[in-house]
Amino acid sequence: MCPTSSGAKDDPRVHPAGDPDLAKLKVGRILVCVAEKDGLRGRGVSYAETMKKSEWKGAVDFFETKGEDHCFHFFSPKSENIAPLIKTVIDFVKQGN
């Protein structure tokens with residue numbers, strides 16, 4: 001995702017808690033989507049929780065797909081769990097900022 005990132009907790013590109021300017025984020029809403037069996041699920045959950053607890057005044061929408069793994073929508077194109085994920089993203093975009 002960020003090839004030049006160390007991945008350390010103080011890198012705001014991958015860990016928002018490390019960003020001293022987080023409260024200045026100019027977007028009003030974010031959507032965080034995770035898959036239950038994804039090895040990166042914890043990062044997504046942490047990202048959403050950090051944003052909710054921060055001084056940023058925006059709203060966090062969170063969506064978790066149960067029983068699926070990382071990028072399941074690419075690797076399992078016939079999964080019945082793709083439609084709810086796509087609907088969530090479309091609804092989020094339609095709501096605007």
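Author: Happy to chat about this one! A quick definition to begin with: helices (H or I, at least four residues) and strands (E, at least two) are DSSP runs, numbered from the N terminus. Also, keep in mind that this is a predicted model.

Reader: Thanks! So how many helices and strands does the protein chain have?

Author: The protein chain has 3 helices and 2 strands.

Reader: And in what order do the elements run from the N terminus on?

Author: They run β-α-β-α-α.

Reader: Nice. Let's look at α3. How many residues does α3 have, and what does it reach from its first C-alpha to its last?

Author: Helix α3 takes in residues 82-95, which is 14 residues, and it reaches 20 Å from the first C-alpha to the last. That is close to the 20 Å expected at 1.5 Å a residue.

Reader: Which residues of α3 are buried?

Author: Those are Ile82, Leu85, Thr88 and Phe92. They sit on the same side of α3, because they cover an arc of only 135° around the axis.

Reader: What about the other side of α3, which residues are exposed there?

Author: Ala83 and Lys94 are exposed on that other side.

Reader: And what covers the buried residues of α3?

Author: The cover includes both β1 (29-35) and β2 (59-65), along with α2 (72-75).

Reader: Anything just after α3? What phi does glycine 96 take?

Author: Glycine 96 follows α3 and takes a positive phi of about 75°.

Reader: Switching topic: where is valine 27 found?

Author: Valine 27 belongs to the segment before β1.

Reader: Is valine 27 buried or exposed?

Author: In between, actually: valine 27 is partly exposed, because its relative accessible area is 29%, and buried would mean under 20% while exposed would mean over 50%.

Reader: Fair enough! What separates the C-alpha atoms of valine 27 and tryptophan 56?

Author: A distance of 9.4 Å separates those C-alpha atoms, with valine 27 and tryptophan 56 being 29 residues apart along the chain.

Reader: Zooming out, what share of the contacts comes from residues 24 or more positions apart?

Author: Counting contacts with a separation of 6 or more, such residues account for 59% in the protein chain.

Reader: What percentage of the residues is buried?

Author: Buried residues make up 30% of the 97 residues in the protein chain.

Reader: Last one, on charge: how many positive and negative side chains are there?

Author: There are 15 positive and 14 negative side chains, and the centres of the two sets lie 3 Å apart.

How values were computed:
Residues are numbered from 1 along each chain as its sequence is written. This is a predicted model: local features need pLDDT of at least 70, side-chain atom pairs count only at pLDDT 80 or more; totals for chains, interfaces and linings use all residues. Side-chain values use heavy atoms; hydrogens and water are left out. The expected span of a helix is 1.5 Å times one less than its number of residues. Buried means under 20% relative accessible area, exposed over 50%, partly exposed in between (1.4 Å probe, protein chains only). The arc is that of the directions from the helix axis to the C-beta atoms. Contact means heavy atoms within 4.5 Å. Lys and Arg count as positive and Asp and Glu as negative; His and the chain ends are not counted. The place of a charge is taken as NZ of Lys, CZ of Arg, CG of Asp or CD of Glu.
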